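Biologist: Got a minute to walk me through this one? I have the sequence and the structure open.

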Amino acid sequence: MLGYGGSWGHSYLNLTNFNQHIGMVEGARDSATGQFIKALPGGDETIATDDDFKKIKPEIPFQHIQHFKVTSDNSFNIGKK
């Protein structure tokens, strides 16, 4: 946040940035073990390991969310105090 306040009021400029890759868990489970099944490229499937749940890079399918926002908040004093 960047801004200025004075006897006349205030003016603030706010910037936010959000950037995230989210792996989408579809919830399919192996019928024998009850563990999650993960999709592999080429249409194959395998049981997900503990390391799969700790990765930073998401598996297929995933969603990439980007959001950048700029807002201005202003207040001006009018008249006598």
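Biologist: Which strands make up the open sheet, and in what order?
Modeller: The open sheet has 3 strands, in the order β1-β2-β5, and the pairing is antiparallel. Keep in mind that this is a predicted model.

Biologist: Which are the edge strands?
Modeller: β1, residues 2-6, and β5. Each of those two pairs on one side only.

Biologist: And what does the twist average?
Modeller: From one strand to the next, the average is 15 degrees.

Biologist: Let's take β1 and β2. How many bridges join them?
Modeller: 5 bridges, with β1 and β2 running antiparallel. β2 covers residues 9-23.

Biologist: What joins β1 to β2 along the chain?
Modeller: A hairpin, through 2 residues.

Biologist: Give me some register. Which residue is the bridge partner of Gly 3?
Modeller: Tyr 12, in β2. Leu 2 stands opposite Leu 13, also a β2 residue.

Biologist: Now the other side of the sheet. Over how many bridges do β2 and β5 pair?
Modeller: 15 bridges, in the antiparallel sense.

Biologist: What stands opposite Gly 23 there?
Modeller: Phe 62, in β5.

Biologist: How do side chains sit in a regular strand, as a rule?
Modeller: They alternate between the two faces of the sheet.

Biologist: Zooming out. How many helices and strands are there in the protein?
Modeller: 0 helices and 5 strands. From the N terminus, the elements read β-β-β-β-β.

Biologist: What share of the contacts links residues far apart in the chain?
Modeller: Counting contacts with a separation of 6 or more, 56% come from residues 24 or more positions apart.

Biologist: What percentage of the residues count as buried?
Modeller: 6% of the 81 residues.

Biologist: And how much surface does the protein expose?
Modeller: About 7000 Å². Carbon and sulfur atoms supply 54% of that area.

Biologist: Back to the prediction. What pLDDT does the protein average?
Modeller: The average is 84, and 88% of the residues score at least 70.

Biologist: Where is confidence lowest, and where is it highest?
Modeller: It is lowest in strand β3, residues 37-39, with a mean of 81. It is highest in strand β5, residues 62-76, at 92.

Biologist: What should I not do where pLDDT is low?
Modeller: Don't read the predicted coordinates in detail there.

Terms used
Residues numbered from 1 in each chain as written. Predicted model: local features only at pLDDT ≥ 70, side-chain atom pairs only at ≥ 80, totals over all residues. Heavy atoms only, no water. pLDDT = per-residue confidence, 0-100. Helix = DSSP H or I, 4+ residues; strand = E, 2+ residues; numbered from the N terminus. Buried < 20%, exposed > 50% of the residue type's maximum accessible area, 1.4 Å probe, protein only. Contact = heavy atoms within 4.5 Å. Areas by Shrake-Rupley, 256 points an atom, 1.4 Å probe, with all protein chains shown as cover. Pairing = 2+ DSSP bridges. Axes fitted to C-alpha atoms, helices over the stretch in contact; angles between N-to-C directions.
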